[in-house]
Amino acid sequence: MANQRDELLTVAQVLAALGDVPLRTFYRWRETGKAPNAIRLPNGELRIWRSDLNTWLNRLREDHAA
């Protein structure tokens with residue numbers, strides 16, 4: 001992953017990457033502190049670093065070895 005360049009994703013791109021999660025669900029996750037870290041741009045839009053999305057997804061991974 002060191003060779004992969006990090007990029008800022010829009011909320012729509014994140015929702016698509018998650019299998020078309022509804023926008024309201026994403027904002028509910030944000031309200032409850034369960035969403036990936038985001039950056040609010042000066043124009044009010046949110047962006048998520050791809051690396052933060054991947055880290056968040058890895059934390060959600062269940063350990064089936066237990």
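The following paragraphs describe the fold, the aromatic pairs, the salt bridges and selected surface features of a predicted model.

The protein chain contains three helices and three strands, and these elements follow one another along the sequence in the pattern β-α-α-β-β-α. Of the 66 residues of the chain, 21% count as buried, and the chain exposes about 5100 Å², of which carbon and sulfur atoms supply 49%. When contacts between residues at least 6 apart in sequence are considered, 44% of them join residues at least 24 apart.

Two aromatic pairs were found in the model. In one of them, the ring centres of Phe26 and Tyr27 lie 5.5 Å apart and the ring planes stand at 85°, so the pair is classed as edge-to-face, given that planes over 60 degrees apart are placed in that class. The partners are not alike in their exposure: Phe26 is buried, with a relative accessible area of 0%, whereas Tyr27 is partly exposed, with a relative accessible area of 32%. The other pair is formed by Trp29 and Trp56, whose ring centres are 5.7 Å apart and whose planes meet at 50°, so this arrangement is tilted. Trp29 belongs to helix α2, which spans residues 23-31, and Trp56 belongs to helix α3, which spans residues 50-60, so that the pair links distant parts of the chain, the two residues being 27 residues apart. Trp29 is partly exposed, at a relative accessible area of 25%, while Trp56, with a value of 6%, is buried.

Side chains of opposite charge can pair when their charged atoms come close. The structure holds three salt bridges. One of these is formed by Glu7 and Arg50, with the closest N and O atoms 2.8 Å apart. Glu7 lies in the segment before β1 (8-10) and Arg50 in helix α3, so this salt bridge ties together parts that are 43 residues apart in sequence. Both partners are partly exposed, with a relative accessible area of 34% for Glu7 and of 25% for Arg50. A further salt bridge brings together the side chains of Glu31 and Arg24, at 3.3 Å from N to O. Here Glu31 is exposed, having a relative accessible area of 58%, whereas Arg24, at 46% relative accessibility, counts as partly exposed.

The remaining salt bridge joins Glu45 to Arg47, and the closest N and O atoms of this pair are 2.9 Å apart. The side chains of Arg47 and Glu45 are also listed as making a polar contact, at 2.9 Å. Glu45 is partly exposed, with a relative accessible area of 39%. Arg47, by contrast, counts as buried because its relative accessibility is 18%, and the limit for a buried residue is set at under 20%. Arg47 is located in strand β3, which covers residues 46-49. When residues up to four places away in sequence are not counted, Arg47 touches Leu8, Leu9, Thr10, Ala38, Ile39 and Leu41.

Two of the residues touched by Arg47, Leu8 and Ile39, also take part in a surface feature. Together with Trp49, Leu8 and Ile39 form a nonpolar patch on the surface, and the accessible area of these residues together is about 220 Å². Ile39 is placed in strand β2, which comprises residues 39-40, and Ile39 is partly exposed, with a relative accessible area of 31%.

A further local feature concerns the backbone at Asp20, which has a positive phi of about 65° although Asp20 is not a glycine. Asp20 is placed in the loop between α1 (11-17) and α2, and with a relative accessible area of 62% this residue is exposed.

How values were computed:
Residues are numbered from 1 along each chain as its sequence is written. This is a predicted model: local features need pLDDT of at least 70, side-chain atom pairs count only at pLDDT 80 or more; totals for chains, interfaces and linings use all residues. Side-chain values use heavy atoms; hydrogens and water are left out. Rings of Phe, Tyr and Trp (its six-membered ring) pair if their centres lie within 6.5 Å; planes under 30 degrees apart count as stacked, over 60 as edge-to-face and the rest as tilted. Buried means under 20% relative accessible area, exposed over 50%, partly exposed in between (1.4 Å probe, protein chains only). Helices (H or I, at least four residues) and strands (E, at least two) are DSSP runs, numbered from the N terminus. Patches are made of residues with over 30% relative accessible area and no salt bridge: like charges are joined within 9 Å, nonpolar side chains (Val, Leu, Ile, Met, Phe, Trp, Tyr) within 5 Å. Accessible areas come from the Shrake-Rupley method with a 1.4 Å probe; for residues, only the protein chains shown count as cover. A salt bridge is a side-chain nitrogen of Lys or Arg within 4 Å of a carboxyl oxygen of Asp or Glu. Contact means heavy atoms within 4.5 Å. A polar contact is a pair of N or O atoms within 3.5 Å; within protein, one must be able to donate a hydrogen and the other to accept it, and residues adjacent in sequence count only if both atoms are side-chain atoms.
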